[in-house]
Amino acid sequence: MKIVIAPDSFKESLSAAGVASALARGLRQALPEAEVIECPLGDGGEGTLDAVLAATGGEVREARVTGPLGELVTARWGWLAEQRTAFVEMASASGLELVPRARRDVRVATSHGTGELLRAALDAGAERLVLAIGGSATNDGGAGVLQALGVRLLDGQGQALAPGGAALASLASLDLTYLHPRLAAVEVVIAADVDNPLCGPQGASQIFGPQKGASPEQVRELDAALAHFATVTAATLGRDVSEQPGAGAAGGVGFAALAFLQATFRPGIEVVAELVGLDEALQDADLAVTGEGRLDGQTLRGKTPAGVLRLAQRHGVPVVAVAGSLGEGYDALYQQGLAAAFSLVPGPLSLEEALAQAEGLLERTARDIGRLWQAAQS
């Protein structure tokens with residue numbers, strides 16, 4: 001019997017590798033003869049880099065870069081030597097979790113650190129850049145990324161713009177003279193699970209700005225600034241990509257990647273599944289177990305369990321999902337072929353208690369799933 005364990009991380013509790021390990025222990029208690037393959041995953045947000053490195057044996061590299069509010073932070077990126085691929089997680093350099101709630105100011109938050117990681121990867125000889133852009137703190141249209149890669153954003157007096165999305169209202173011209181020369185020969189892939197345009201009711205500022213601390217007035221200010229950035233960019237490049245799906249991802253980093261880096265967009269879970277070899281692992285499997293911290297109606301919108309479900313169905317492999325909690329709409333996954341879903345919580349527990357006990361709860365639930373599976377096969 002072959003079982004593939006392919007979960008996401010449980011935020012604020014366990015990494016994807018930690019979740020997979022706990023599930024594997026539980027399954028082996030009930031099914032000691034089974035071949036259990038651990039394949040931790042991520043969908044582009046925090047923890048995706050760890051999942052990729054755990055599954056591929058890639059090299060962790062670090063750099064001191066500019067954090068969202070301009071202070072230096074130590075950020076990590078992954079080097080997959082055989083594939084000449086660099087894996088950059090935006091959250092590591094420009095993530096919302098790097099900024100204490102009381103200090104969040106999306107008007108000035110910059111994506112510069114993410115650009116510095118990309119520059120480090122280019123200088124290391126990467127031939128393919130995979131940028132996972134979930135969990136960002138920024139709404140600067142990717143201006144910081146571009147500045148780190150050599151683009152000069154200038155105001156009417158020829159001075160460099162200050163960091164942040166609000167400053168884009170003063171943009172007068174773009175100078176691409178010093179754009180990193182290796183970009184022209186490198187494949188850039190954006191791993192994301194959103195398809196929003198840059199501006200408007202479904203744009204970066206309107207949809208994601210409030211999550212990053214923007215007031216209604218600041219949302220309007222930032223949306224106008226991004227629209228101006230798009231106008232100047234279109235005049236400079238001769239094409240407008242602001243309405244393309246994904247342009248609004250990560251506060252507009254998607255726009256910068258489309259316009260200046262000729263990036264292609266792919267669902268984060270698909271990119272990660274490809275890197276870690278999930279398709280190969282699922283061949284001839286009898287069961288797949290996936291999971292995330294909360295399984296609900298949003299799971300179908302590009303989250304890890306939905307991606308595992310789609311891929312497993314191609315191989316005719318039944319899928320069971322495990323989650324810290326089952327939220328509204330999770331049963332829609334049954335219509336997509338999910339075999340069963342299980343919550344970890346055995347009874348009344350505070351959130352803090354559940355997070356602290358997650359490893360043991362995962363192991364116990366996986367053991368019970370294994371016993372049920374064994375009984376069903378007998």
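Which residues in H2 meet which residues in H9? Keep that in mind as you load the model, which is a predicted one.

**Stop 1: H2 against H9**

Select helix H2, residues 48–56, and helix H9, residues 268–276. Show side chains and you have the reply to the opening question: from H2 come Thr 48, Ala 51, Val 52, Ala 55 and Thr 56, and they meet Val 272, Leu 275 and Val 276 of H9. By type, the residues of this contact split into six nonpolar, two polar and no charged.

Now draw the axes. Two packed helices are described by the angle between their axes and the distance between the axes. For H2 and H9 the angle is about 20 degrees, and the axes lie 9 Å apart. Angles under 35 degrees count as roughly parallel, so that is the label for H2 and H9. Their crossing is right-handed.

**Stop 2: H9 by itself**

Stay on H9 and colour by accessibility. How many of the nine residues of H9 are buried? Seven are, so the helix is largely enclosed by the rest of the structure. To pick them out, select Gly 268, Ile 269, Val 271, Val 272, Ala 273, Leu 275 and Val 276. Step just past the end of H9 and you land on Gly 277, with a positive phi of about 75 degrees.

**Stop 3: H2 and its cover**

Back to H2. Its buried residues are Thr 48, Leu 49, Ala 51, Val 52 and Leu 53. What covers them? Switch on helix H1 (16–30), the strands E3 (59–66), E4 (72–80) and E5 (85–89), and H9: these are included in the cover.

Next, click Ala 55, also in H2. Ala 55 counts as partly exposed, at 33% relative accessibility. Setting aside neighbours within four places in sequence, Ala 55 touches Pro 40 and Val 276. Try a distance label from Ala 55 to Val 272: C-alpha to C-alpha they are 9.8 Å apart, with their positions 217 residues apart in sequence. Then move to the residue after H2, Gly 57, where phi is positive again, near 70 degrees.

**Stop 4: H1 against H14**

Select H1 with helix H14, residues 358–377. Here the axes come within 7 Å and cross at roughly 40 degrees. Are H1 and H14 roughly parallel or oblique to each other? Oblique, therefore, given that angle. H1 passes H14 in a right-handed crossing.

For the side chains, select these two sets:

- From H1: Val 19, Ala 22, Leu 23, Arg 25, Gly 26, Leu 27, Gln 29 and Ala 30.
- From H14, which they meet: Glu 359, Leu 362, Glu 363, Ala 366, Arg 367, Gly 370, Arg 371 and Gln 374.

The tally for this contact is seven nonpolar, four polar and five charged.

**Stop 5: Asp 140**

Jump to Asp 140, in the loop between strand E6 (128–132) and helix H5 (143–148). Is Asp 140 buried or exposed? Buried, at 0% relative accessibility. Beyond neighbours within four places in sequence, Asp 140 is in contact with Ala 109, Thr 110, Ser 111, Gly 164, Gly 165, Leu 168, Leu 226, Phe 229 and Gly 251. Put a label on one of these, Ser 111: its C-alpha is 7.0 Å from that of Asp 140, and the two are 29 residues apart along the chain.

**Stop 6: two positive phi angles**

Most residues other than glycine have a negative phi, and most peptide bonds are trans. With that in mind, select Ala 250, where phi is positive, near 55 degrees. Ala 250 is found in the loop between helix H7 (216–237) and helix H8 (253–260), and it is buried, with a relative accessible area of 9%.

Then select Gln 262, in the loop between H8 and strand E10 (264–267). Phi of Gln 262 is also positive, at about 50 degrees, although the residue is not a glycine.

**Last stop: cysteines**

How many disulfides does the structure hold? Zero. Finish by selecting Cys 39 and Cys 199. Cys 39 is buried at 4% relative accessible area, and Cys 199 is buried at 16%.

Definitions and conventions. Residues are numbered from 1 along each chain as its sequence is written. This is a predicted model: local features need pLDDT of at least 70, side-chain atom pairs count only at pLDDT 80 or more; totals for chains, interfaces and linings use all residues. Side-chain values use heavy atoms; hydrogens and water are left out. A disulfide is a pair of cysteine sulfur atoms within 2.5 Å. Buried means under 20% relative accessible area, exposed over 50%, partly exposed in between (1.4 Å probe, protein chains only). Helices (H or I, at least four residues) and strands (E, at least two) are DSSP runs, numbered from the N terminus. Axes are lines fitted to C-alpha atoms, for helices over the stretch in contact, and angles run from 0 to 180 degrees between N-to-C directions. Angles under 35 degrees count as roughly parallel, over 145 as roughly antiparallel, 65 to 115 as roughly perpendicular and the rest as oblique. A crossing is left-handed if the near helix is turned anticlockwise from the far one by less than a right angle, and right-handed if clockwise. Contact means heavy atoms within 4.5 Å. Ala, Val, Leu, Ile, Met, Phe, Trp, Tyr, Cys and Pro count as nonpolar, Asp, Glu, Lys and Arg as charged, and the others, Gly among them, as polar.
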